[in-house]
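Trainee: I should like a close look at a single part of this model, namely the disulfide and its surroundings. Please connect the description to the core and to the salt bridges.

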Amino acid sequence: QLQASGGGLVQAGGSLRLSCTASGRAISSYHMGWFRQAPGKEREFVGVSRRSGDTPVLADNVKGRFTISRYNMKNTVYLQMNSLKPEDTAVYYCAASTSVVLRAPKDYGYWGQGTLVTVSS
């Protein structure tokens, strides 16, 4: 089970840190991804932290503003979001995968329930 938290309302230019904590499975065995879904839009890839510990991969539209970090001992992965924009408003989901390809929701077998981020202008 994955539990995402940390969402909320923030003004444009502000920051939030989302957490995703796993129970019942060790995140060290999984690639941990973040996705988001805005109203009326498809679920969108935000970034992924590979289980190898390599530098996380981020989508172009969040690169330079968002970072992903993982702490296997805490079984938790974080999404630090800085310089937030109104277009970042969405429900954010964390997900776990053992796949090779990691950009699409279908590549992930386990999902958290989502946490809402609202960025006001």
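Mentor: The account below begins with the disulfide, passes to the nonpolar core, and ends with the charged pairs and two loop residues. The model is a predicted one.

The structure contains one disulfide. Its partners are C20 and C94, whose sulfur atoms lie 2.1 Å apart. The torsion about the S-S bond of C20 and C94 is about 65 degrees, and the disulfide is therefore right-handed. The bond links distant parts of the chain, since C20 belongs to strand β3 (residues 16–22) and C94 to strand β9 (residues 90–97), 74 residues apart. Both C20 and C94 are buried.

Strands β3 and β9 reappear in the nonpolar core. The largest such core comprises 34 residues, and those with the most contacts inside it are M32, W34, F66, L79, M81 and Y92. Two or more residues come from each of β1 (2–5), β3, β4 (31–37), β5 (44–49), β7 (66–71), β8 (76–81), β9 and β11 (115–120). Strand β9 gives the most to this core, with five residues. In soluble globular proteins, nonpolar side chains tend to be buried together. The surroundings of M81 can be listed: leaving aside residues up to four places away in sequence, M81 touches G14, S15, L16, L18, R65, F66, Y92 and V117.

One of these contacts of M81, R65, leads to the charged pairs. The count of salt bridges comes to five. The side chains of D88 and R65 form one of them, at 2.7 Å from N to O. D88 lies in the loop between β8 and β9 and R65 in the loop between β6 (57–58) and β7, so this pair ties together parts that are 23 residues apart in sequence. Both D88 and R65 are buried. Another salt bridge joins the side chains of R36 and E44, at 2.8 Å from N to O. Here R36 is buried, with a relative accessible area of 5%, whereas E44 is partly exposed at 30%. R36, E44, R65 and D88 are linked in a network of salt bridges.

Two loop residues complete the picture. N75, in the loop between β7 and β8, has a phi near 55 degrees, a positive value in a residue other than glycine. N75 counts as buried because its relative accessibility is 15%, below the 20% limit. S83, in the loop between β8 and β9, also has a positive phi, near 50 degrees. S83 is partly exposed, with a relative accessible area of 41%.

Technical notes:
Residues numbered from 1 in each chain as written. Predicted model: local features only at pLDDT ≥ 70, side-chain atom pairs only at ≥ 80, totals over all residues. Heavy atoms only, no water. Disulfide = S-S within 2.5 Å. Helix = DSSP H or I, 4+ residues; strand = E, 2+ residues; numbered from the N terminus. Buried < 20%, exposed > 50% of the residue type's maximum accessible area, 1.4 Å probe, protein only. Core = buried A, V, L, I, M, F, W, Y, C linked by side-chain atoms within 4.5 Å. Contact = heavy atoms within 4.5 Å. Salt bridge = Lys/Arg side-chain N within 4 Å of Asp/Glu carboxyl O.
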